[in-house]
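Please look through the sequence and the model shown below. The report that follows goes from one unusual loop residue to the strands, the aromatic rings and the interior.

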Amino acid sequence: MDVAFLIDSSGSISFRNLRKVKNFVVELVSKFDISPGGSRAAVVVYSTRATTRIRFTDYSNYGSFANAVQSLRHEPGYTRIDLALQRAYLDVFGSRGKPRFLVPKIAFVLTDGEQTRDGNELSLEMVSDRLKKKGVRIISIGIGKRVDKSQLTVIASSEKDVVIAESFDGLVSEVEPLFQSACKGNEGWFILELVLLTL
């Protein structure tokens with residue numbers, strides 16, 4: 001599968017909590033096999049801007065990917081979730097990201113706040129729908145008491161794909177069932193596509 005992590009690095013995220021976010025990503029990625037013929041992972045870091053820091057083609061094993069994640073720097077600023085989703089659409093799951101045909105696609109959106117409104121923001125519904133139309137399942141994760149559940153629900157592929165936690169403690173155990181269900185759900189779709197191709 002192809003899995004992307006959209007990591008909030010805004011000013012409300014402390015250096016300590018960013019380290020916890022990176023540990024969460026590294027631990028979750030350890031649950032599946034990153035290899036040349038297996039799964040791939042990418043990372044978009046966002047605050048006032050959004051930047052693709054790791055592309056699907058950058059690392060072909062878990063160790064190198066984990067080291068790259070742990071090396072990500074804090075980029076404080078506003079919380080532009082819209083730009084992170086747009087960057088994922090263009091750089092990760094778009095043609096620039098070299099997406100693979102018939103491979104399950106998942107995007108985890110992590111934030112400790114809500115979308116910054118400055119009059120120039122894009123519609124979260126619009127930018128998330130672009131990804132969904134590409135077959136990307138979006139799981140939105142809010143950490144802390146300042147998250148906006150309505151925004152997370154708009155972003156996510158379904159209400160079941162929304163996770164809200166007070167802290168990072170035990171977050172992997174909360175998210176892993178969704179991750180596994182995404183895999184199982186996409187397996188059925190994958191088999192269906194293979195059947196259709198052979199008709």
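L102 is found in the loop between α3 (81-92) and β4. The model is a predicted one. In it, L102 has a positive phi of about 60°, although L102 is not a glycine. Most residues other than glycine have a negative phi. L102 counts as buried because its relative accessibility is 11%, and the cut-off for buried is under 20%.

**The chain as a whole**

The protein chain contains 6 helices and 6 strands. Along the sequence they follow the pattern β-α-β-β-α-α-β-α-β-α-β-α. Of the 199 residues in the protein chain, 50% are buried. Among contacts between residues at least 6 apart in sequence, 75% join residues at least 24 apart.

**Strand β5 and its partners**

How many of the 8 residues of strand β5 are buried? In this strand, which spans residues 136-143, 7 of the 8 residues are buried, so β5 is mostly covered. The chain reaches β5 from β4 by way of helix α4 (residues 124-133), and this β-α-β crossover is right-handed. Strand β4 covers residues 105-111 and runs parallel to β5, with 7 bridges joining the two. Within this pairing, V109 stands opposite S140 in β5.

Strand β5 also pairs with strand β6 (residues 162-165), again in the parallel sense, over 4 bridges. Here I141 is opposite V163 in β6. Together, β5, helix α5 (residues 149-155) and β6 form a right-handed β-α-β unit.

**A residue of helix α5**

I155 belongs to helix α5. With a relative accessible area of 0%, I155 is buried. Leaving aside residues up to four places away in sequence, I155 touches I81, L85, V109, L124, S128, K132, I138 and S140. Two of these, V109 and S140, are the residues that stand opposite each other in the pairing of β4 with β5. The C-alpha atoms of I155 and I139 are 7.9 Å apart, while the two residues are 16 residues apart along the chain.

**Aromatic rings**

The structure has 2 aromatic pairs. The table lists them.

| Pair | Arrangement | Centre to centre | Angle between planes |
|---|---|---|---|
| F5 and F108 | stacked | 5.3 Å | 10° |
| F56 and F93 | edge-to-face | 5.6 Å | 70° |

What does the pair of F5 and F108 tie together? F5 lies in strand β1 (residues 2-8) and F108 in strand β4, so the pair joins parts that are 103 residues apart in sequence. F5 counts as buried because its relative accessibility is 0%. F108 is also buried, with a relative accessible area of 0%.

The other pair, F56 with F93, is edge-to-face. This pair also links distant parts of the chain: F56 is in the loop between β3 (50-54) and α2 (62-70), F93 is in the loop between α3 and β4, and the two are 37 residues apart. Both F56 and F93 are buried.

A charged side chain is also placed at a ring. R130 lies over the face of Y89, at 5.8 Å from the ring centre.

**The nonpolar interior**

Which residues have the most contacts inside the largest nonpolar core? They are F5, F24, V43, F65, F108, I141 and L171, in a core of 36 residues. Two or more residues of this core come from each of β1, α1 (15-29), β2 (40-46), α2, β4, β5, β6 and α6 (171-198). Helix α1 gives the largest share, 7 residues.

F24 touches L110, I141, L171, V172 and V175, not counting residues up to four places away in sequence. Of these, I141 and L171 are also named among the residues with the most contacts inside the core. Another core lies apart from the largest one; this other core has 22 residues, including L6, A42, V127 and V136.

**Points that connect**

Several residues appear under more than one heading. F5 and F108 form the stacked pair, and both are among the residues with the most contacts in the largest core. I141 is another of these residues, and I141 also stands opposite V163 in the pairing of β5 with β6.

Technical notes
Residues numbered from 1 in each chain as written. Predicted model: local features only at pLDDT ≥ 70, side-chain atom pairs only at ≥ 80, totals over all residues. Heavy atoms only, no water. Buried < 20%, exposed > 50% of the residue type's maximum accessible area, 1.4 Å probe, protein only. Pairing = 2+ DSSP bridges. Right-handed = clockwise from strand over helix to strand, strands pointing away. Phe/Tyr/Trp six-rings, centres within 6.5 Å; stacked < 30°, edge-to-face > 60°. Lys NZ or Arg CZ within 6 Å of the ring centre and 35° of its normal. Core = buried A, V, L, I, M, F, W, Y, C linked by side-chain atoms within 4.5 Å. Contact = heavy atoms within 4.5 Å.
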